[in-house]
Each structure stands twice: as C-alpha cells, then as structure tokens.
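Visitor: I am new to this structure. Please take one part of it and go through that part closely.

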Amino acid sequence: MSGAVLPELIARYPELDECVPDIDAAFQVLVDCFEKGGKLLLCGNGGSAADCEHLVGELMKGFLSKRPLPAADRTKLLEAFPDEGEYLAAHLQGALPAISLVSQSGLITAFANDVAADMVYAQQVYGYGRPGDVLIGISTSGRSKNVLNALRVARYLGMATIGFSGRSGGDLPELSDVVVRVPEDETLKIQERHLPIYHALCEMLELALFPE
C-alpha cells in the first residue's frame, strides 16, 4: 500500500534503508488499529513531545489530500441540519483518531505534583487506552522513564506499542511490538531522522485509508 513512499524516503535519506522493515511493520500496526476503529496515543519529551503534536496534526485532518467525507455522512448531516449541513459537510475532513498525551497541561502538572512525575503518561494511557489501540512512545535515548511506564501500562491493557529511538533503542525494544531505531546517536540527529519517517507513515496511512 505504501507505493513509492518508502523508496522516495530512502532516495532522500539513504541511511534510513535499514529502518524500512520496521517502518513498514509500524505502518501495518497502525493500519490494523485504525481499520478496526482503534485510536492512537502518543507521548515523548522535549522535541519528541513536539513531534507528538506534529503527528496528531497530520493524522486528524487531511495531510496530502483533503479527505472528503463519505457520501453517507454528508447525506446524514444534510438531513439532520438542513440549513448548516452543507457547510458542515464541506468543512469536515476524514480523521484518524490520535491523541497527544503531552497536551494535557492541567492533568500533567497536577499528577506530577500530587503523585509521580514519571507516571504522567502512564495515567493517561490507563484512562484513555483500550485493547486494540496503539501507543507510540518517542525517546531518543530509549530510557525516558515516563515513556517507558506508559508503554508498560499500554501492554497491560492489551494495546499495541511502537517505539521511536536512536541507534541503541535503550529499553524500548523490550516494551514495544515495533521499534524504529534510526542510525544516529546524538539527540538532534535522531530527531532530524525521525521527522521524515513520521511524514512517510502519515502519507502511507492516508493512501491506505483514504484511497479516494
């Protein structure tokens, strides 16, 4: 389903060729989740937290296509709201349900202050997660305690887990169904290589799930 996406990625970033099997495996996990009505949760720290926000922005709206609503949804909106239905249908886009756990500042600060800072993502996974959902944990070192605890809770709940990290992967491999490890060791260089992989995954998902 990925078509030319991965070959184009490797043409631009040849060093990522070794990551292709894991990128494709992550894609398969995500497609299976979304096709079955599941949702994606994401967590990370610092630049990786910003990456979580970025990914949600690409998944919850059109990425490279406008993702028009299915005809059945358009018809139901028009029937329910004769005056506003056309506007609603014209301005809604197909969405892949994704939640960035880094955005909940009130909850995060309260939980860090009152309970434990390294459990701020785990608590949200426990509250939001369901079997069949997916958690993406991003940690350039692979040792971020709050990310690792979130992955542990996700596994306990029966969720699939995907890790993004650098060359070593740290502790992510033992807690993730799929780990994408880019061949870099410095944080900034790892993050620079993560970004094109995120975009490739978003494009692949859009092609697979919004073929029109």
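**A helix, its neighbours and the spaces around**

Guide: Start with the open space. The lining of the largest pocket counts 6 nonpolar, 1 polar and 3 charged residues. This is a predicted model. The pocket holds about 200 Å³ of space. Its lining consists of S65, K66, R67, P68, L69, P70, L209, F210, P211 and E212. One of these residues, L209, leads us to the part I have chosen. That part is helix α9, residues 187-209.

Three helix pairs come next. Two packed helices are described by the angle between their axes and by the distance between those axes. Let us use both terms for each pair.

Take α2 first. Helix α2 covers residues 20-35. Its axis lies 10 Å from that of α9, and the two pack at an angle of about 45°. That angle makes α2 oblique to α9. The crossing of this pair is right-handed. From α2, the contact uses I23, D24, F27, L30, V31, F34 and E35. From α9, it uses I197, L201, M204, L205, A208 and L209. Sorted by class, these contact residues are 11 nonpolar, no polar and 2 charged. L209 of α9 thus has two roles: it touches α2, and it lines the largest pocket.

Now α1. Helix α1 runs over residues 5-12. The axes of α1 and α9 come within 10 Å and cross at roughly 165°. The two helices are therefore roughly antiparallel to each other. α1 passes α9 in a right-handed crossing. On the α1 side, the residues are V5, L6 and L9. They meet P196, I197, A200, E203, M204 and L207 in α9. By class, this contact has 8 nonpolar, no polar and 1 charged residues. I197 and M204 of α9 appear here, and both also take part in the contact with α2.

The third partner is α3. Helix α3 spans 47-59. Its axis and that of α9 come within 10 Å, crossing at roughly 20°. α3 and α9 are therefore roughly parallel to each other. Their crossing is right-handed. G47, S48, D51, H54, L55, E58 and L59 are the α3 residues in this contact. They meet Q191, L195, Y198, H199, C202 and L205 in α9. The class count is 6 nonpolar, 5 polar and 2 charged. L205 of α9 meets α3, and L205 also belongs to the contact with α2.

Now look for enclosed space. Rolling a probe the size of a water molecule over the atoms shows where empty space is left. The structure holds 1 cavity of 30 Å³ or more. The largest cavity has a volume of about 60 Å³. Its lining is L30, L40, L55, L59, I136, F164, Y198, L201 and L205. By class, that lining has 9 nonpolar, no polar and no charged residues.

α9 gives the most to this lining, with 3 residues. Both α3 and α9 supply at least two residues each. Several names here are familiar. L30 lines the cavity, and L30 of α2 is also in the contact with α9. L55 and L59 line the cavity, and in α3 they take part in the contact with α9. Y198 does so from the α9 side of that contact, and Y198 lines the cavity too. L201 completes the picture: it is in the contact with α2 and in the cavity lining.

Key
Residues numbered from 1 in each chain as written. Predicted model: local features only at pLDDT ≥ 70, side-chain atom pairs only at ≥ 80, totals over all residues. Heavy atoms only, no water. 1 Å grid on protein atoms, 1.4 Å probe; cavity = no way out; pocket = protein on both sides within 12 Å on 5 of 7 lines; lining within 4 Å. Points joined across faces, edges and corners; volume = space filled by probe spheres on them. Nonpolar A, V, L, I, M, F, W, Y, C, P; charged D, E, K, R; others polar. Axes fitted to C-alpha atoms, helices over the stretch in contact; angles between N-to-C directions. Helix = DSSP H or I, 4+ residues; strand = E, 2+ residues; numbered from the N terminus. Parallel < 35°, antiparallel > 145°, perpendicular 65-115°, else oblique. Left-handed = near helix turned anticlockwise from the far one by under 90°. Contact = heavy atoms within 4.5 Å.
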